[in-house]
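Me: I would like to learn how to read a protein model feature by feature. Could you walk me through one?

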Amino acid sequence: MTPVNRIGDEDVLEPDDRDPDYSEDEPVERSRFHRKRDVAAAALIAVAALAAGLLVWQNSDVRATTSVTASGPFTTPPAPTASPPSLGESWRAESPATPIPVAIGPAVVTGSGGEVAGRDPITGEVRWRYRRDLPLCTITSAWSVAVVAYQKPSNLLREDDPRKGGGCSEVTALAPATGERGRPPRPDETRSKPDLGQRNSDAELGTRLLFDGSYVTATGSRLVTTWRSDLVQTMEFGQVPAVVNPDKQPRTGCTFGSVAVEEGRIAVVERCPEDKGDRLTVYRATGDDNSDKPEVDSSVDTGVRGVRVVALSAECRIAAENENDTQRCAVVVAPDPARLLVFDQEGREVGRHRLSLAPGDLPDEDPPGHVVSSYEAIRAVYWYTGSKTIALSKADLRPLWTVEGAVGPGTMFAGQMLVPVVDGIAVLNPANGERRGTIPVERGDYRGDVTMSTLGPMVFEQRGDTLVALR
């Protein structure tokens, strides 16, 4: 019987009963990884991986981004119930990236260089910062967040494409209360994945971002691009940089003069070689069945050169079959002589109104950012011509009343319409334009146009590259 030693629960053979060729002194064969050359190779691989990771990090958006979020409570101040008898400057900040003051939630958002800042509306104190190593293009408010477009120099366009030099292609959403990237979920909202708050797009240099209540549209001279709230592109119109389906766009040889938006519709003035005049096209912000082919509601040659689209309205009663029905209308301003032309949703001209404008109100060049200066309220659109502000009824887009000597379209505040004028701010009854007073405002040497916004008790004026807070 073979002798057995028991160690724990195992039976172990005695040494004499092992393999006769076994030796205690014989070295056990090492694995290949234990050889010196293998260890050295592994070390080289680790160093190479570390170097590659460092290189990627040095050139990544993460390294090129600085984000300092708000550290404490940040609430929206209550709005007053009446217009103040006087307004004085509380603070100011450089903000060339905001064509209109961006007052949203608890913050006033400013942008300069590569930095976006969320400021306390009362004091101007910076509560959060977001910085990229890229130039800022523009900022707007939409979906209760600040939407920011940065310029990127690289793209895949052909060398002969005028947009080859880059565009405002990096779009970022920032929460106004914290400065965090992405749109915070609503209390009743369920998400299948997080909103990362950043996308790359094809927006052109000089773009303006227009919000219609559901979509943001980036303007351009050759391409107009639209996104939904997670910044996913829903539609593009014009000369698309990467053509997958060459038959998708209705026309590709046109340039754009001006753009307006309203509730999921975009109106574009096109200049096409084969047309007698400028073309007014109205199309939808998203296609049927999520198609990326533009769904055009109407497109008509106006027969006039130099027109600008002023506004869209979804409440027009002109030419409706029933007087209680409403439809979509668009209004453009045409020169020589100056007049408003109203078109219904079929592209038919249904209204015409003569205007008395100053000689410089309709210059040959397109408006900045391809957008006329206007402010939209519940029942009217307030259009700044360059020398006066004209209130247009949303019911039929006809002129209601005019403010002479205006320097901007104005804004609503405590139930009154505020319109910036040369010597201050005119306080008006929005229903009939009755002037209830003028609040003196000292603007120093500034003589340019003024856009306005409000938040709580504060009134904000954008004077060129500078945001000025008044209280």
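Reply: Happy to; we will go from the whole chain to strands, disulfides, backbone angles and one side chain. Keep in mind that this is a predicted model.

Me: Let's start with the overview. How many helices and strands does the secondary structure of the chain come to?

Reply: The chain has one helix and 35 strands. Of its 471 residues, 47% are buried. The exposed surface is about 24200 Å², and carbon and sulfur atoms supply 49% of that area.

Me: What share of the contacts with a separation of 6 or more comes from residues 24 or more positions apart?

Reply: That share is 50%.

Me: Now the strands. Which order do the strands of the open four-stranded sheet have?

Reply: The order is β29-β30-β31-β32, and the pairing is antiparallel. The edges are β29 (411–413) and β32 (435–440), each of which pairs on one side only. From one strand to the next, the twist averages 35°.

Me: How many bridges hold β31 and β32 in register?

Reply: Five bridges pair β31 (residues 424–428) with β32, in the antiparallel sense. To find the register in your viewer, look for G424, which stands opposite P440 in β32.

Me: Which strand would you pick to look at burial?

Reply: Try β11 (residues 167–174), where eight of the eight residues are buried. Strand β11 is joined to β10 by six bridges, and the two run antiparallel. There, K152 stands opposite G167 in β11. Strand β11 also pairs with β12 (residues 198–200), again antiparallel, over three bridges. In that pairing, E170 has N200 of β12 as its bridge partner.

Me: On to the disulfides. What is a disulfide, in general?

Reply: It is a covalent bond between the sulfur atoms of two cysteines. In this structure there are two. If you number the bonded cysteines in sequence order, the pairing reads 1-2, 3-4.

Me: Which cysteine is joined to C137, and what handedness does the link have?

Reply: C137 is joined to C168, with an S to S distance of 2.1 Å. The torsion about the S-S bond of C137 and C168 is about -90°, so this disulfide is left-handed. Because C137 lies in strand β9 and C168 in strand β11, the pair ties together parts that are 31 residues apart in sequence. As for cover, C137 is partly exposed at 21% relative accessible area, whereas C168 is buried at 1%.

Me: And where do the cysteines of the C254 and C272 pair lie?

Reply: This disulfide joins C254 to C272, with S to S at 2.1 Å. The torsion about its S-S bond is 110°, and the link is right-handed. C254 sits in the loop between β16 (233–238) and β17 (255–262), and C272 in the loop between β18 (265–271) and β19 (279–284), 18 residues apart. C254 is buried, at 4% relative accessible area. C272 is buried too, at 2%.

Me: Next, backbone angles. What should I expect of phi and of peptide bonds in general?

Reply: Most residues other than glycine have a negative phi, and most peptide bonds are trans. Two residues to look at here are W143, with phi near 55°, and S144, with phi near 65°. W143 is in the loop between β9 (136–142) and β10 (145–152), and S144 is also in the loop between β9 and β10.

Me: Are W143 and S144 buried or exposed?

Reply: W143 is buried, with a relative accessible area of 13%. S144 is exposed, at 58%.

Me: Which peptide bond is worth checking for a cis omega?

Reply: Check the bond from D336 to P337, which is cis, with omega near -5°. P337 is in the loop between β22 (327–334) and β23.

Me: One last feature: polar contacts. What does the side chain of D344 reach?

Reply: The D344 side chain reaches the backbone nitrogen of E346 at 3.0 Å. It also makes a polar contact with the side chain of R348, at 2.8 Å. D344 belongs to the loop between β23 (339–343) and β24 (349–354). With a relative accessibility of 3%, D344 falls under the 20% cut-off and so counts as buried.

Note on methods: Residues are numbered from 1 along each chain as its sequence is written. This is a predicted model: local features need pLDDT of at least 70, side-chain atom pairs count only at pLDDT 80 or more; totals for chains, interfaces and linings use all residues. Side-chain values use heavy atoms; hydrogens and water are left out. Buried means under 20% relative accessible area, exposed over 50%, partly exposed in between (1.4 Å probe, protein chains only). A polar contact is a pair of N or O atoms within 3.5 Å; within protein, one must be able to donate a hydrogen and the other to accept it, and residues adjacent in sequence count only if both atoms are side-chain atoms. Contact means heavy atoms within 4.5 Å. Accessible areas come from the Shrake-Rupley method with a 1.4 Å probe; for residues, only the protein chains shown count as cover. Two strands pair if DSSP finds at least two bridges between them. Axes are lines fitted to C-alpha atoms, for helices over the stretch in contact, and angles run from 0 to 180 degrees between N-to-C directions. A disulfide is a pair of cysteine sulfur atoms within 2.5 Å.
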